[in-house]
Amino acid sequence: MSPRISWEGVFPAVTTQFHDDLSLDIDATAKVMDGLIRDGVSGLIICGSVGENTSLERKEKIAIMEAAKSVAKGRVPVLCGIAEFTTAFAVETAKEAARVGIDGVMVMPALVYSSKPHETAAHFRAVATATDLPVMLYNNPPIYKNDVTPDILATLADVETVVCFKDSSGDTRRFIDTRNMVGDRFVLFAGLDDVIVESVAMGAVGWVSGMSNAFPREGETLFRLAKAGRYAEAMKIYEWFMPLLHLDARPDLVQCIKLCENIMGRGTALTRPPRLALLPHEKAEVEAMMAKALRTRPTLPEVGLKAA
């Protein structure tokens, strides 16, 4: 039987916090998670791209899983990203997530190797059939160089644990193509911040968001307005938010998101190498964006957010 899930709404891709010596700061990471839940987000994605998964050791990933489980206390679902070089390593991480009691996993294609379509499908199938946890498949071809097309996704419709598809290609037509091929077989999530309203219009019921780390209430409100078809209200927030949402599509998205988060008093801007701090002119540009956003921050309409 397929795992039953109720994933919908905004799931920020939570940042991982570090001490000044770049060692893992698990207490600060837990504080970030708790703050997001408190401000009304619908779920958490830990150890994703924004969480610097590939810069973490296995024991650190497990520590973050354990912290997330402890912080969430069942208030929201928690998914752990799986981004490994080999299928075997990915399976091991999925088993650790199940052991800790995480609610699901978000599986990326095998990293570094640019796989053929049938190899991409085989990687996902192997990980998903090795766990009873519900699985979100993650497509981000600009970053990970492997494109999980609707054709590939359709070949995995028989894998019961694969329940959700997150697309960060920016091509919102894929939501329609997927439904045309397999109906409502998969829960559809948007993964790119600056096409969120379009993605919801095309059928996405959730959003794995980067910039909602800095503005969780604005992100959740924007999503829920779009989901309710309240587009006139949504567009006011979307137009205000868009310069910052564009940051999610940059190669240095993690540095940008962490800087914005830091300005909001929600975490530090520290990233682990190979991610280096933004150059002075880049930092100044993002700070100017944030200053304008805070000057013009909109009053949010009521959408039934509940603080946890």
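Asn-139 of strand β5 stands opposite Asp-167 in strand β6. Helices (H or I, at least four residues) and strands (E, at least two) are DSSP runs, numbered from the N terminus. The model is predicted, so local features need pLDDT of at least 70 and side-chain atom pairs count only at pLDDT 80 or more, while totals for chains, interfaces and linings use all residues. Residues are numbered from 1 along each chain as its sequence is written, and side-chain values use heavy atoms, with hydrogens and water left out.

**Strand β5 and its neighbours**

Strands β5 and β6 (residues 162–167) run parallel, joined by five bridges. Two strands pair if DSSP finds at least two bridges between them. β5 also pairs with strand β4 (residues 104–107), again in the parallel sense, over three bridges. There, Met-106 has Met-136 of β5 as its bridge partner. β4, helix α4 (residues 117–129) and β5 form a right-handed β-α-β unit. Right-handed means that, with the strands pointing away from the viewer, the path from the first strand over the helix to the second runs clockwise.

Five of the five residues of β5 (residues 135–139) are buried, so the strand is largely enclosed by the rest of the structure. Buried means under 20% relative accessible area, exposed over 50%, and partly exposed in between (1.4 Å probe, protein chains only). Both faces are covered: Val-135, Leu-137 and Asn-139 are buried on one side, Met-136 and Tyr-138 on the other.

**Helices α3 and α12**

Helix α3 (residues 87–100) has 14 residues, which should span 20 Å at 1.5 Å a residue; its end C-alpha atoms are 20 Å apart, which agrees. The expected span is 1.5 Å times one less than the number of residues. Buried residues in α3 are Ala-90, Val-91, Thr-93, Ala-94, Ala-97 and Val-100. Their cover includes α2 (58–72), β3 (78–82), β4 and α4, judged by contact (heavy atoms within 4.5 Å).

Helix α12 (residues 280–295) has 16 residues and reaches 22 Å from first C-alpha to last, close to the 22 Å expected. Its buried residues are Glu-282, Val-286, Met-290 and Ala-293. Seen down the axis of α12, they fall within an arc of 70 degrees, so they line one face of the helix. The arc is that of the directions from the helix axis to the C-beta atoms. Pro-280, Lys-292 and Arg-295 are exposed on the other side. α10 (231–245) and α11 (253–263) are among the elements covering the buried residues.

**Backbone geometry**

Some residues have a positive phi:

| Residue | Phi | Place |
|---|---|---|
| Gly-101 | about 100 degrees | just after α3 |
| Val-112 | near 75 degrees | loop between β4 and α4 |
| Lys-145 | about 70 degrees | loop between α5 (141–144) and α6 (150–154) |

Val-112 is exposed, at 72% relative accessibility. Lys-145 is exposed too, at 57%. The peptide bond from Pro-273 to Pro-274 is cis, with omega near 20 degrees. Pro-274 lies in the loop between α11 and α12.

**Cysteines**

A disulfide is a covalent bond between the sulfur atoms of two cysteines. A search of the whole structure finds zero disulfides, with a pair of cysteine sulfur atoms within 2.5 Å as the criterion. For Cys-47, the nearest cysteine sulfur is that of Cys-80, 4.2 Å away. Cys-47 is buried at 1% relative accessibility. The closest cysteine sulfur to that of Cys-260 is in Cys-256, at 6.8 Å, too far for a bond. Cys-260 is buried at 0% relative accessibility.
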